[in-house]
Amino acid sequence: MNKFARTVVGAASVVVLTAALGACGGDDDGDGGGSDSKTIALLLPETKTTRYEAFDKPLFEAKVKELCDDCDVKYLNADQDSAKQQQQAESAITDGAAVLVFDPVDGDAAAGAVKSAQSSKVPVVAYDRFMEGADYYLSFDNEKVGELQGQALVEATGGSGDILMLNGSPTDPNAAQFKKGAHKAIDASGLTVAAEYDNPDWSPDNAQKFVTSQLNNVDGAALAGVYAANDGQAGGVIAALRADGMTKFPPVTGQDAELAAIQRIVSGDQYMTIYKSIKTEAEKAAEVAVAIVNGDDVGETTDYEGVDSFIFDPAVVTKDNIKDTVVADGFYTVEDICTPEYADACKAAGLS
Ligand code: GAL
């Protein structure tokens, strides 16, 4: 169902619409929408994780273009700065965006922007990260992501020994869910969390610094494994271990199926990642946004915390199933992965 259908007629709605016009002053056509425009604002949180600019943005833009000739996308990236993102949201509303597709740096802080958008009759689609009061929400089963990562680490380590845990940003609502799911599996095993870190900006740099500092207290060679909540951090973890003189690494987890991570999995440096079909997520978000601006039905939704939602399934990727997951899904070609540096490892992994 689309809660924002623009086909409302009749005396009652005229009264409501007149009130709305008085409230926001930008509704020239009296249709109750925030503006006549078909501008879709896409607000993404950061650039250090490769998914946003390499996949989310282009896939979203391409789908909007395919579905709607007269729509345009205004892309805004917050560079992990929540205050900057609030301003981006405010200016998108003032500039007449018809809908916000919003992946918040800080889920709680963004609740204010949601209210402000809605008071200007601009619907908000929470993209990948939940925001209270959003009109729609799209994401993966994020607790399951953490559980799959934790289970994989338990299996790969044999379930005993010391590990380090690197979680995502505390302002990112997904990070808490990944952490919860991962702890479920890890705490039920014989693994001991020697030290745990909530990385404030998800950055590889901070992950590397954390592990480097831990290596003053912990013998890297004695580590049973490392839980890294995403691939960017996994890269930082492995860089720190390498700088400490290690050439073989204990199992390290990840998420996002970044190309560099898939290559590290092929070469044996990283144990696993989580593949989330960003194409499915970005294209569905584009469909929802276009349906909203056109007053069409968004299709069947499920309820998540009181918000009409679309929740997708994550998948584990290890060396054994790269072909059946990211390659089969067209996320990467074998050529993307198997650059000359990885040719031998690819052959050994049955990938060439
Ligand atoms: C999460 C997102 C992950 C990862 C991370 C870092 O919210 O679900 O895919 O990108 O943020 O930005």
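1. Strand 1 in this predicted model is mostly covered, since six of its six residues are buried. The burial applies to both faces of the strand: T39, A41 and L43 lie on one side, I40, L42 and L44 lie on the other, and all are buried. This division may be read against a general rule. In a regular strand the side chains alternate between the two faces of the sheet.

2. Strand 1 comprises residues 39–44 and is joined to strand 2 by six bridges, the two strands running parallel. Two positions may serve as reference points when the structure is inspected. T39 has D72 of strand 2 as its bridge partner, and L44 stands opposite N77 in strand 2. The general background is brief. Strands of a sheet pair through backbone hydrogen bonds, either parallel or antiparallel.

3. Strands 1 and 2 belong to an open sheet of seven strands, arranged in the order 2-1-3-4-5-11-10 with mixed pairing. The edges of this sheet are formed by strand 2 (72–77) and strand 10, each of which pairs on one side only. From one strand to the next, the twist averages 25°.

4. A second open sheet has three strands in the order 7-6-8, and its pairing is parallel. Here the edge strands are strand 7 (190–198) and strand 8 (223–228), each pairing on one side only. The twist of this sheet averages 20° from one strand to the next. Strand 6 (residues 160–167) and strand 7 run parallel and are joined by eight bridges. Within that pairing, L164 has A195 in strand 7 as its bridge partner.

5. Which helices accompany the three-stranded sheet? Helix 6 (residues 173–187) packs on the sheet and touches strand 6, strand 7 and strand 8; its direction makes about 160° with that of strand 7. Helix 5 (residues 142–157) lies across strand 6, strand 7 and strand 8, and runs at about 165° to strand 8.

6. T157 deserves a separate comment. The residue is placed in helix 5. T157 counts as buried because its relative accessibility is 16%, and the cut-off for burial is under 20%. The side chain of T157 reaches the backbone oxygen of V154 at 3.2 Å. A polar atom of the same T157 side chain lies 3.1 Å from the backbone nitrogen of G159. Leaving aside residues up to four places away in sequence, T157 touches L191, A224, G225 and P251.

7. The aromatic residues form the next topic. A pair of aromatic rings is described by the distance of the centres and the angle of the planes. The model contains ten aromatic pairs. In one of them, the ring centres of F130 and Y304 are 5.3 Å apart and the planes stand at 70°, so the pair is edge-to-face; the cut-off for that class is over 60 degrees.

8. Why does the pair of F130 and Y304 tie together parts that are 174 residues apart in sequence? F130 lies in the loop between strand 4 (124–127) and strand 5 (136–140), whereas Y304 lies in strand 10 (residues 302–304), so the pair links those separate parts. The two residues also fall into separate accessibility classes. F130 is buried, with a relative accessible area of 14%, while Y304 is partly exposed, with a relative accessible area of 23%.

9. Two further points concern aromatic rings. F55, Y275, F331 and Y332 form one aromatic cluster. In addition, K57 lies over the face of Y75, at 5.0 Å from the ring centre.

10. Q86 lies in helix 3 (residues 82–94). Buried or exposed, how does Q86 count? At 17% relative accessibility, Q86 counts as buried. Its contacts, not counting residues up to four places away in sequence, are with A109, A110 and A113.

11. G220 is found in the loop between helix 7 (204–214) and strand 8. Although placed in a loop, G220 counts as buried, at 2% relative accessibility. G220 touches L215 and M246, when residues up to four places away in sequence are not counted. G220 and D172 are separated by 48 residues in sequence and by 29 Å in space, C-alpha to C-alpha.

How values were computed. Residues numbered from 1 in each chain as written. Predicted model: local features only at pLDDT ≥ 70, side-chain atom pairs only at ≥ 80, totals over all residues. Heavy atoms only, no water. Pairing = 2+ DSSP bridges. Helix = DSSP H or I, 4+ residues; strand = E, 2+ residues; numbered from the N terminus. Axes fitted to C-alpha atoms, helices over the stretch in contact; angles between N-to-C directions. Contact = heavy atoms within 4.5 Å. Phe/Tyr/Trp six-rings, centres within 6.5 Å; stacked < 30°, edge-to-face > 60°. Buried < 20%, exposed > 50% of the residue type's maximum accessible area, 1.4 Å probe, protein only. Lys NZ or Arg CZ within 6 Å of the ring centre and 35° of its normal. Polar contact = N/O pair within 3.5 Å; in protein donor to acceptor, adjacent residues only side chain to side chain.
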